[in-house]
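The exercises below ask for a reading of one structure, each followed by a solution in steps. Work through them with the sequence and the model at hand.

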Amino acid sequence: QQGGGGERGRPCGVVLTQEGYYTVPSLDQLDLMADQKRGKCVVEGFTVVREGYGKIHFLGTTDVYGLNLDQLVSIEYKEVSVYGSEGEENKPPIGTSLNKKAIITLHGYWPHCKTTRQPIRDPQAILSLKYIDKLKNAVKNLGATFLDYQLETGTCVFEVEHFSKYKLVDDEESEEEEE
């Protein structure tokens, strides 16, 4: 969490060494923005990305100084977590640090053929299955706000007010889990 120095003594103190993850602005850019004397690195629109999985774009300004993103942020297939390993008692108050409003983008949301279990990627077939309505309902069930679904890429975008673990399960998956 907090604590200057961070990865190999980076001026911003941010730690992010997990394979496939990066930040926007980059760690090098964050180093240039860091105010080590005050222990701050304030960023407008901070984003954590995991290639091929998705991203979390934190809205407004965020002080990222000394954050260990390896421990705090997880972006998996159809699932994101911030402070998941920290437990509720160690999570900062809503609206502070990374526990704030964010836009989540997750890749790989396709309906699956019930017989072959293969993803259905044809845009017309996705529309005929009312898959976007299922995603909208799943996002609403998370207490989040649906923003977009990109048929061509299977990308779902939604907004959350603060953080816990968000696993987006469409109706199709919940039926499979019940079997």
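**Exercise 1.** In this predicted model, locate Glu159 among the strands, and decide whether Glu159 is buried or exposed.

*Solution.* Begin with the secondary structure, where Glu159 has its place in strand β10. Next take the relative accessible area, which is 17% for Glu159; since a residue counts as buried under 20%, Glu159 is buried. Finally, list the contacts, leaving aside neighbours within four places in sequence: Glu159 then touches Leu59, Lys101, Ala102, Ile103, Ala144, Thr145 and Leu147.

**Exercise 2.** Work out in which order the six strands of the open sheet are arranged, and explain why one side of β1 and of β9 is left without a neighbour in the sheet.

*Solution.* The order reads β1-β3-β4-β8-β10-β9, with antiparallel pairing. Because β1 (21-24) and β9 (145-150) stand at the edges and each has a single partner strand, one side of each lacks a neighbour in the sheet. From one strand to the next, the twist averages 15°. Helix α4, which spans residues 131-141, packs on this sheet and touches β9 and β10 (155-160), its direction making about 150° with that of β9.

**Exercise 3.** Describe how strands β4 and β8 pair.

*Solution.* Strand β4, residues 54-58, and strand β8, residues 102-106, are joined in the antiparallel sense over five bridges. As one position to check, Gly54 stands opposite Leu106 in β8.

**Exercise 4.** What is the mean pLDDT of the protein chain, and where does pLDDT stay under 50?

*Solution.* The mean is 88, and 87% of the residues reach 70 or more. Residues 1-7 stay under 50, although the model has 25 contacts for them beyond four places in sequence. Residues 174-179 are also below 50, and this stretch has five contacts beyond near neighbours in sequence.

Notes
Residues numbered from 1 in each chain as written. Predicted model: local features only at pLDDT ≥ 70, side-chain atom pairs only at ≥ 80, totals over all residues. Heavy atoms only, no water. Pairing = 2+ DSSP bridges. Helix = DSSP H or I, 4+ residues; strand = E, 2+ residues; numbered from the N terminus. Axes fitted to C-alpha atoms, helices over the stretch in contact; angles between N-to-C directions. Contact = heavy atoms within 4.5 Å. Buried < 20%, exposed > 50% of the residue type's maximum accessible area, 1.4 Å probe, protein only. pLDDT = per-residue confidence, 0-100.
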